[in-house]
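Colleague: I would like a close look at a single part of this model and at what lies around it. Please take it step by step, in one connected answer.

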Amino acid sequence: MSAKLIKGKEIREEILAEIKEEVEAIKEKYGVVPGLVTILVGKDPASVSYVTAKVKTALSLGFKEVQENLSADISEEELLALVEKYNQDESIHGILVQLPLPAQINEKRIINAIDPDKDVDGFHPINMGRLLIGGSEVKFPPCTPAGIVEMLRRAGVPTEGAEVVVVGRSNIVGKPVAVMLMQKNPQANATVTVAHTRTRDLAAHCRRADILIVAAGVPGLVKPEWIKPGACVIDVGVNRVGWKISKKTGRKIAVLKGDVDFEAAKEIAGWITPVPGGVGPMTIAMLMRNTLNSLKYKLGIS
Ligand code: NAP
């Protein structure tokens, strides 16, 4: 294997340890801790497992954590009222509404109802606008893109002047990560191309990339011959391609694959993220950091 493995799990642990230390120091000095409310509507198994992990992490860091587990048939008005309750709650600094929401609820209306200064997922249009402007305007970068930028920084992957190709233009990954890496700052300063399903000759774009970020949700989309030797490959894709029995628990678990053929790509790339254990673990760490930052903005100590 020639590529250095960028291990999201290890980086996450480093970040969580830093957050925990800061939470303790703030608690000692100001007598407050970050407060996060997680709002889960229904019992979709993937959503339940994401929320469970977020709750567990928040508690392990000493946050105040409030769980709102709601029935799948809750009305839009009831959910809006709950969001408003936490907008007004001084002890809550982050509001997380787990997506997707059931069909009777307009997701956009819910996201837009969250106080932008408690929008720790960073999906509110005001926070998207702040992200586009960049610099000190940025309050809550969306968690997965923020995790990618943090991984690049901690793995020592140079971004200044680099050709970055992002495959995928979703609002939660592709667009924001492209915006973050094109900003004028030493952690970015890249030349960014965004590719999608209408891109002509995707392979040619990928071959130019010093940093190739793939967030398409198509297993094995990026072929090994599309990777420039020595490039950094960030595979955001999480695709369930089958089931297996866990050796640890004996339970049936999903077999996950990324958007890149990892086994072949690792022989060509200079750095690569595995799936699972790459970008995935970073997302929760960034959510925790956004929640801590929300409290720090409020205290005027950021
Ligand atoms: P999405 O909303 O479905 O967007 C996929 C994007 O990829 C679209 O812009 C689409 O282009 C593009 N695309 C799809 N097939 C393509 C192809 N054959 N060639 C070129 N472009 C193609 O997906 P998402 O929410 O961004 O998620 C992408 C992947 O990342 C998924 O596997 C998801 O599970 C994973 N993910 C992981 C994390 C994490 O690890 N924490 C977080 C979020 C997402 P068009 O715009 O033209 O349709």
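What follows is the request in full and one long answer.

Colleague: Please start from helix 6 and helix 10: at what angle do they pack, and how far apart are their axes? Which residues make the contact? From there, please go on to the surroundings.

Modeller: Keep in mind that this is a predicted model. Two packed helices are described by the angle between their axes and the distance between the axes. For helix 6 and helix 10 the angle is about 105°, and the axes are 8 Å apart. Angles of 65 to 115 degrees count as roughly perpendicular, so helix 6 and helix 10 are roughly perpendicular to each other. On the side of helix 6, the contact is made by Cys143, Thr144, Ala146, Gly147, Glu150 and Met151. Helix 10 supplies Met282, Thr283, Met286, Leu287, Arg289 and Asn290. Sorted by type, the residues of this contact are six nonpolar, four polar and two charged.

Helix 6 also packs with helix 1, which covers residues 8-30. Here the angle is about 95° and the axes are 11 Å apart. Helix 1 and helix 6 are therefore roughly perpendicular to each other as well. Gly8, Ile11, Glu14, Ile15 and Glu18 of helix 1 meet Glu150, Met151 and Arg154 of helix 6. This contact divides into three nonpolar residues, one polar and four charged. Glu150 and Met151 are named in the contact with helix 10 and again in the contact with helix 1.

Next comes the aromatic pair, which involves the loop before helix 6. The structure holds one such pair. The rings belong to phenylalanine 140 and tyrosine 297; their centres are 5.8 Å apart and their planes stand at 65°, so the pair is edge-to-face. The cut-off behind that word is an angle of over 60 degrees between the planes. Phenylalanine 140 lies in the loop between helix 5 (125-133) and helix 6 (143-155), while tyrosine 297 lies in helix 10 (residues 280-299), so the pair ties together parts that are 157 residues apart in sequence. The two partners can also be described by their accessibility. Phenylalanine 140 is buried, with a relative accessible area of 1%. Tyrosine 297 has a relative accessibility of 27% and counts as partly exposed. The ring of tyrosine 297 has a further neighbour: lysine 139 lies over its face, at 5.4 Å from the ring centre. A charge over a ring is also found at tryptophan 243, where the charged end of lysine 252 sits 4.6 Å from the ring centre.

Helix 7 is another neighbour of helix 6. The buried residues of helix 7 pack against helix 5, helix 6, strand 5 (163-167), strand 6 (191-195) and strand 7 (211-214). Helix 7 is mostly covered, with seven of its nine residues buried. Those seven are Gly174, Pro176, Val177, Ala178, Val179, Met180 and Leu181. Take valine 179 as an example: this residue lies in helix 7 (residues 174-182). Valine 179 has a relative accessible area of 14%; the cut-off for buried is under 20%, so valine 179 is buried. Apart from neighbours within four places in sequence, valine 179 is in contact with Leu131 and Leu132.

The chain after helix 7 has two points of backbone geometry. Asparagine 189 lies in the loop between helix 7 and strand 6, and its phi is near 55°, a positive value in a residue other than glycine. Asparagine 189 counts as partly exposed, at 24% relative accessibility. Aspartate 201 also has phi near 55°, again a positive value in a residue other than glycine. Its place is the loop between strand 6 and helix 8 (202-208).

Finally, there are cis peptide bonds to note. One of them runs from valine 275 to proline 276, with omega near -5°. Proline 276 is in the loop between strand 11 (271-272) and helix 10. A further cis bond joins leucine 99 to proline 100, with omega near 0°, and proline 100 is found in the loop between strand 4 (94-97) and helix 4 (107-113).

Methods: Residues are numbered from 1 along each chain as its sequence is written. This is a predicted model: local features need pLDDT of at least 70, side-chain atom pairs count only at pLDDT 80 or more; totals for chains, interfaces and linings use all residues. Side-chain values use heavy atoms; hydrogens and water are left out. Rings of Phe, Tyr and Trp (its six-membered ring) pair if their centres lie within 6.5 Å; planes under 30 degrees apart count as stacked, over 60 as edge-to-face and the rest as tilted. Helices (H or I, at least four residues) and strands (E, at least two) are DSSP runs, numbered from the N terminus. Buried means under 20% relative accessible area, exposed over 50%, partly exposed in between (1.4 Å probe, protein chains only). A charge sits over a ring if NZ of Lys or CZ of Arg is within 6 Å of the ring centre and within 35 degrees of the ring normal. Axes are lines fitted to C-alpha atoms, for helices over the stretch in contact, and angles run from 0 to 180 degrees between N-to-C directions. Angles under 35 degrees count as roughly parallel, over 145 as roughly antiparallel, 65 to 115 as roughly perpendicular and the rest as oblique. Contact means heavy atoms within 4.5 Å. Ala, Val, Leu, Ile, Met, Phe, Trp, Tyr, Cys and Pro count as nonpolar, Asp, Glu, Lys and Arg as charged, and the others, Gly among them, as polar.
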